[in-house]
Amino acid sequence: MRSATVNPMRGIAFKVGSVVVFLAMQTFIKLAGSDIQPGQVTFCRSFFALFPIMAYLAYRGQLRSAFYTANPIGHLKRGTLGIISMGLGFYGLLHLPLPEAIALGYAMPLVAVIFAALFLGETVRIYRWSAVLFGMVGVAIISWPKLTLFREGGIHSEQAIGAITVLLASVLGGMAMIQVRRLVEEEKTATIVLYFSIIATVFSLVTVPVGWQVLDLKPQLLLVAAGFCGGVAQILLTESYRHADVSTVAPFEYTSIVIGSVIAYFVFGDVPGGSTLMGTAIVVAAGIFIIYREHQLDLERRAARQAGS
């Protein structure tokens, strides 16, 4: 539930802070090494995120109540979709340059529009359908150079697989977003965040037999740091929605491509290519337009409710 004091600038600051900390998480994961199993990365991301999340809930006096749920099956569905999406996304992150992994991840809100129409029965008019199609063209521009690597074979085909896994992660992530929208009708945000981290931690242990490694100290510390960053970023994101409307802070998600490109250049020496820049610009434009339309529709719904009261 949002604080009575609405402060858009504070909400934006928390949102940008969450973007920066999520990027730190992704950077730590990439630095840990591409040969680590995604399931092992997912476990560390989820388990060590629990510490800052539970500390935050305890500070707000919500820890005990956060464990109460009226819809455990709904959390299980959201957790299953989310954990698979996270694992696929981490595989892509480990095998793609950071800016391209970020840009392809922008497909998730586009996919969520499609699923909202299919599974929630939401009315999606020509404007948003056009934005989704426009955004998918951008995704194709970003991913096509990687997909053509299948024809060349060799070790570089890992980037093609990475691109496909990020896109699959976006599809499953979009489905998880739909499940979250169902959950928020009856569950508190704290409960949703807490149960997802718990379910993701438990489910990721299933991947132990497929090749978890005994890691050296440096990658261990990097994965622990990634987990803490994931938890802190989730807290900052929650706080951003406490101080401002979603439509106000959501566009600032796209600051990640700028900040991520800077990190990628100085830490990994990655420079985004022309197709990545062009495709990213198209996807970002489509995403911002969808956010704008969602905001306009929300204003119309509020006006209709007030007129009918």
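**View 1. Cys229 and Cys44, two cysteines that stay unpaired in this predicted model.** Start with the sulfur of Cys229: the closest cysteine sulfur belongs to Cys44 and sits 13 Å away, which is too far for a bond. Run the check from the other end and Cys44 tells the matching story, with Cys229 holding its closest cysteine sulfur at 13 Å. A disulfide would need the two sulfurs within 2.5 Å, so the count comes to zero disulfides. What about cover: are these two cysteines buried or exposed? Cys44 counts as buried, at 11% relative accessibility, and Cys229 counts as buried too, at 15%.

**View 2. Phe43 and Phe47, a stacked pair in helix H2.** The structure holds eight aromatic pairs. One of them is Phe43 with Phe47, whose rings are stacked, 5.4 Å centre to centre with 5° between the planes. Where do these two residues lie? Both are in helix H2 (residues 38-47), four residues apart, and that is about one turn of the helix. Phe43 counts as buried at 17% relative accessibility, while Phe47 is partly exposed at 29%.

**View 3. Phe47 again, this time with Phe48.** Phe47, partly exposed at 29% relative accessible area, also pairs with Phe48. How are the rings of Phe47 and Phe48 arranged? They meet edge-to-face, 5.1 Å centre to centre, with 75° between the planes. Phe48 counts as buried, with 18% relative accessibility. Zoom out a little and you'll find one aromatic cluster made of Phe43, Phe47, Phe48, Phe51, Trp212 and Phe228.

**View 4. Helix H1 and the glycine just after it.** Helix H1 takes in residues 8-32, 25 residues in all. How far does H1 reach from its first C-alpha to its last? The span is 36 Å, close to the 36 Å expected at 1.5 Å a residue. Just past the end of H1 comes Gly33, which takes a positive phi of about 125°.

**View 5. A nonpolar patch on the surface.** Look for Leu31, Val258, Val262, Tyr265, Phe266, Val267 and Val271, which form this patch and together have about 720 Å² of accessible area. Which helix gives the most to the patch? That's H14 (residues 255-268), with five residues. Phe266 has its place in H14, and this residue is exposed, with a relative accessible area of 65%.

How values were computed: Residues numbered from 1 in each chain as written. Predicted model: local features only at pLDDT ≥ 70, side-chain atom pairs only at ≥ 80, totals over all residues. Heavy atoms only, no water. Buried < 20%, exposed > 50% of the residue type's maximum accessible area, 1.4 Å probe, protein only. Expected span 1.5 Å × (residues − 1). Patch = residues over 30% accessible without salt bridge, like charges linked within 9 Å, V, L, I, M, F, W, Y side chains within 5 Å. Areas by Shrake-Rupley, 256 points an atom, 1.4 Å probe, with all protein chains shown as cover. Salt bridge = Lys/Arg side-chain N within 4 Å of Asp/Glu carboxyl O. Phe/Tyr/Trp six-rings, centres within 6.5 Å; stacked < 30°, edge-to-face > 60°.
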